[in-house]
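Okay, thanks for having me, everyone. I've got one structure to show today, so let's put it up and walk through it.

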Amino acid sequence: TPGRFVRAGLSAPGPAAMDSSMFEGYSHNRRDETATPICGTYRLGTKNALLQKSQLGCVRGTSYDLPADFQYTYGMAMKRDGMTAGKIVDNWLEHQGTKDQLPPKDFLALNKSALKAGKLSAKDVRAHMTSTDIRVKQGGQTAVAPLPVDSSTTFGVPARPNTPVGNLISHGFRYDWVMQSDLAEDLGASKKMQKPSPTRSSQLLTVANAERRAKSHEYPPALPPTSEWKMTKFKNVKSKISIS
């Protein structure tokens with residue numbers, strides 16, 4: 001009984017203990033709970049998941065009362081309408097598009113027409129939109145110009161011209177490159193370093209150096225031809241030799 005405690009031993013019951021009721025119902029009920037020895041005290045037929053004992057190689061028993069009908073559907077039952085994948089493939093429906101649907105209203109054009117009609121209040125604008133019907137122009141209404149396509153038209157990236165193999169073998173591209181290149185003398189002349197242009201600072205330094213050199217080589221001013229220069233201690237001594 002569910003409320004009876006059993007002291008498990010180490011011996012398994014023989015084939016006589018197995019009856020036909022073990023093979024009916026759910027899988028966790030199709031086993032002998034004493035077939036595999038379990039050590040300790042356990043309760044048979046308990047609904048408490050914490051008291052259930054697991055056996056090696058068997059599913060663990062459920063703690064809920066499951067319906068006896070194996071065709072029972074848990075959740076929302078799917079109602080089949082008889083349509084199968086084969087019928088869907090055999091009767092493929094093409095996309096009809098929206099060519100028969102009416103385009104939506106063009107509110108920008110409606111607001112513009114309401115202003116032109118002198119409708120300034122919200123009530124008048126609403127009444128004007130109700131009485132006036134302006135729809136959005138769809139792209140299919142504009143005629144597309146036909147493309148100039150003929151038998152020689154190539155779509156995608158055009159292929160580059162063929163490479164002449166004769167020029168590759170005879171080094172023709174190398175000679176063309178030599179003839180088109182500039183001479184080494186011309187390249188050297190064009191890359192020759194030029195004297196940098198003077199700046200304001202360099203010009204001031206040049207003027208200052210020139211003035212400094214002029215002052216270093218400057219002599220005392222020349223005396224007048226009629227004057228006779230004498231040292232201070234000989235100013236009052238008369239000359240004994242006359243120059244004149």
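**Where two helices meet**

Let's begin with a contact patch: on the H2 side we have Phe107, Leu110, Asn111, Ser113 and Ala114, and they touch Val125, His128 and Met129 of H3. Keep in mind, this is a predicted model. H2 covers residues 107-116 and H3 covers residues 122-131. Their axes sit 10 Å apart, and the packing angle is about 120°. An angle over 115 but not over 145 falls outside the perpendicular and antiparallel classes, so H2 counts as oblique to H3. As for handedness, H2 and H3 make a right-handed crossing.

Okay, zooming out. The chain has 2 strands and 7 helices, and if you follow it from the N terminus, the order is β-β-α-α-α-α-α-α-α.

How much of the chain counts as buried? Just 9% of its 244 residues. The chain exposes about 23,200 Å², with 59% of that coming from carbon and sulfur atoms. On contacts, take the ones between residues at least 6 apart in sequence: 50% of those join residues at least 24 apart.

Last thing, the aromatics. How many aromatic pairs does a search of the whole structure find? It's 1. The partners are tyrosine 72 and tyrosine 74, with ring centres 5.0 Å apart and planes at 85°, so we call the pair edge-to-face. And are those tyrosines buried or exposed? Tyrosine 72 is partly exposed at 47% relative accessible area, while tyrosine 74, at 55%, counts as exposed.

That's my tour, happy to go back to any view.

Technical notes. Residues are numbered from 1 along each chain as its sequence is written. This is a predicted model: local features need pLDDT of at least 70, side-chain atom pairs count only at pLDDT 80 or more; totals for chains, interfaces and linings use all residues. Side-chain values use heavy atoms; hydrogens and water are left out. Rings of Phe, Tyr and Trp (its six-membered ring) pair if their centres lie within 6.5 Å; planes under 30 degrees apart count as stacked, over 60 as edge-to-face and the rest as tilted. Buried means under 20% relative accessible area, exposed over 50%, partly exposed in between (1.4 Å probe, protein chains only). Helices (H or I, at least four residues) and strands (E, at least two) are DSSP runs, numbered from the N terminus. Contact means heavy atoms within 4.5 Å. Accessible areas come from the Shrake-Rupley method with a 1.4 Å probe; for residues, only the protein chains shown count as cover. Axes are lines fitted to C-alpha atoms, for helices over the stretch in contact, and angles run from 0 to 180 degrees between N-to-C directions. Angles under 35 degrees count as roughly parallel, over 145 as roughly antiparallel, 65 to 115 as roughly perpendicular and the rest as oblique. A crossing is left-handed if the near helix is turned anticlockwise from the far one by less than a right angle, and right-handed if clockwise.
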